[in-house]
Amino acid sequence: TSCFVIVDEGSSASGAASGGLPLGAMLCVMVKVAVSCYCAVLSEKYLKAFSDVPLTAKISGMSTTWAMMSYVFFCFEPQVENDGFFANWDSMTWLVTASFVVKTVSTMYLLQALDSV
């Protein structure tokens, strides 16, 4: 798991001393890792439960669910409602999104090849 944390070194309002580690950011990263691991375990559990379904159908079903939940979450964001979902996306945002899609799909195929799913 990678962590990208933006630190304002000129301000001590974040609760961390200048040059120190931002505890709030570290907590967010730890929660992200815990949720990510839990989701991986759930994914593997349900992918095994539907072993008679082709892997492409499993990935499609999971991707549809992720897209629907993303839609639900951004519906509650007023700025997204006003400006649109892709309003502030640049080439780096698209690159990160594409890398996550490739990583997720390739991980599922690797699990299938290793007979874990």
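This is a short walk through one chain, from its helices to its pocket, its surface and its cysteines. The model is predicted.

Start with the overall build. The chain has four helices and zero strands. Read from the N terminus, its elements follow the order α-α-α-α. The chain holds 117 residues, and 9% of them count as buried.

Met108 is a good place to look inside. This residue sits in helix α4, which spans residues 91-113. Is Met108 buried or exposed? Met108 counts as buried, because its relative accessibility is 10% and the cut-off for buried is under 20%. Now find Leu47. In sequence, Met108 and Leu47 are 61 residues apart. In space, their C-alpha atoms are 9.4 Å apart.

Next comes the largest pocket. It contains about 1,700 Å³ of space. Its lining counts 37 residues, and those closest to the centre are Ser36, Cys39, Trp66, Lys103 and Thr104. Which elements give two or more residues to this lining? They are α1, which covers residues 23-49, together with α2 and α4.

Helix α2 also leads to the surface. This helix runs over residues 55-75, and Phe73 is part of it. Phe73 counts as exposed, since its relative accessibility is 59% and exposed means over 50%. Phe73 does not stand alone there. With Met69, Tyr71, Val72 and Phe76, Phe73 forms a nonpolar patch on the surface. Together, these five residues have about 580 Å² of accessible area.

Finally, turn to the cysteines. A disulfide is a covalent bond between the sulfur atoms of two cysteines. How many disulfides does a search of the whole structure find? The search finds zero. Two of the cysteines can be placed by their exposure. Cys37 has a relative accessible area of 47%, so this residue is partly exposed. Cys75 has a relative accessible area of 34%, so Cys75 is partly exposed as well. Both values fall between the cut-offs, because buried means under 20% and exposed means over 50%.

Terms used. Residues are numbered from 1 along each chain as its sequence is written. This is a predicted model: local features need pLDDT of at least 70, side-chain atom pairs count only at pLDDT 80 or more; totals for chains, interfaces and linings use all residues. Side-chain values use heavy atoms; hydrogens and water are left out. Patches are made of residues with over 30% relative accessible area and no salt bridge: like charges are joined within 9 Å, nonpolar side chains (Val, Leu, Ile, Met, Phe, Trp, Tyr) within 5 Å. Accessible areas come from the Shrake-Rupley method with a 1.4 Å probe; for residues, only the protein chains shown count as cover. A salt bridge is a side-chain nitrogen of Lys or Arg within 4 Å of a carboxyl oxygen of Asp or Glu. Buried means under 20% relative accessible area, exposed over 50%, partly exposed in between (1.4 Å probe, protein chains only). A disulfide is a pair of cysteine sulfur atoms within 2.5 Å. On a 1 Å grid over the protein atoms alone, a cavity is a set of points where a 1.4 Å probe fits but cannot get out, and a pocket is an open set with protein on both sides within 12 Å along at least five of seven lines; lining residues have an atom within 4 Å of a point. Grid points are joined across faces, edges and corners, and a volume is the space filled by probe spheres set on the points.
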